[in-house]
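Got a model open and wondering where its labels come from? Let's go through a few of them.

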Amino acid sequence: MGPIVCCVDHSDGARAALRSAHRLAEALRLDLVLVHVEPTANVPGVSAAPAAHERLLAEEIRDAEALLDRLAAEEALEGVRRRVEVGRAADSILAVCEQEDAELVALGSHGRRGVRAAILGSVSAEVAAKAPCACLIVPPAAAERPFLAV
């Protein structure tokens, strides 16, 4: 069986998704893969200079790796694999699910609604619609609520 892929960022929803994914992975004896997607940097004046762009991207990747390490340590995750991807979030998450042959992808919901959701879009909605596996979307309010008692 493939792993559970859990997508994380700095949001409360991502933290809630991580806790739920961790509990599921343990209960089902599946591997857990943490993924953070760093958007492609387009900073005026920096993006045009290749060397500066490469330095900026390297710094963003280091920050993302530190985020994954911090979350793994805070949640006492042992043996969890970590992946940093660069690109459009939904596309990158879907690609990781395919590459990992994931059983489940877990994502946090930012709780956007109405016009804001229509303008900004929803990564979780796009992933849920296109994922090659089951999808678990966890709202921020679920962060402290027990998900699975085994």
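Q: Before we start, what kind of model is this?
A: It's a predicted model.

Q: Why is S109 called buried?
A: Buried means under 20% relative accessible area. S109 comes out at 19% relative accessibility, so it counts as buried.

Q: Where does S109 sit, and what is it in contact with?
A: S109 is in the loop between β4 (104–108) and α4 (114–120). Setting aside neighbours within four places in sequence, S109 is in contact with G13, I137, V138, P139 and P140. Contact here means heavy atoms within 4.5 Å.

Q: What makes α1 largely enclosed by the rest of the structure?
A: Twelve of its 17 residues are buried, so the label fits. Among them are G13, R15, R19 and H22. The buried residues of α1 pack against β1 (4–7), β2, α2, β4 and β5 (134–138).

Q: How do you know that the span of α1 agrees with what's expected?
A: At 1.5 Å a residue, its 17 residues should span 24 Å, and the end C-alpha atoms are 24 Å apart, so the two agree. After α1 comes R29, with a positive phi near 55°.

Q: What about α2: how does its reach compare with the expected value?
A: α2 (residues 50–74) has 25 residues and reaches 36 Å from first C-alpha to last, close to the 36 Å expected.

Q: Which residues of α2 are buried, and what covers them?
A: They are A52, H53, E60, A64, L67, L68, L71 and A72. Their cover includes α1 (12–28), β2 (32–38) and β3 (81–86).

Conventions: Residues numbered from 1 in each chain as written. Predicted model: local features only at pLDDT ≥ 70, side-chain atom pairs only at ≥ 80, totals over all residues. Heavy atoms only, no water. Helix = DSSP H or I, 4+ residues; strand = E, 2+ residues; numbered from the N terminus. Expected span 1.5 Å × (residues − 1). Buried < 20%, exposed > 50% of the residue type's maximum accessible area, 1.4 Å probe, protein only.
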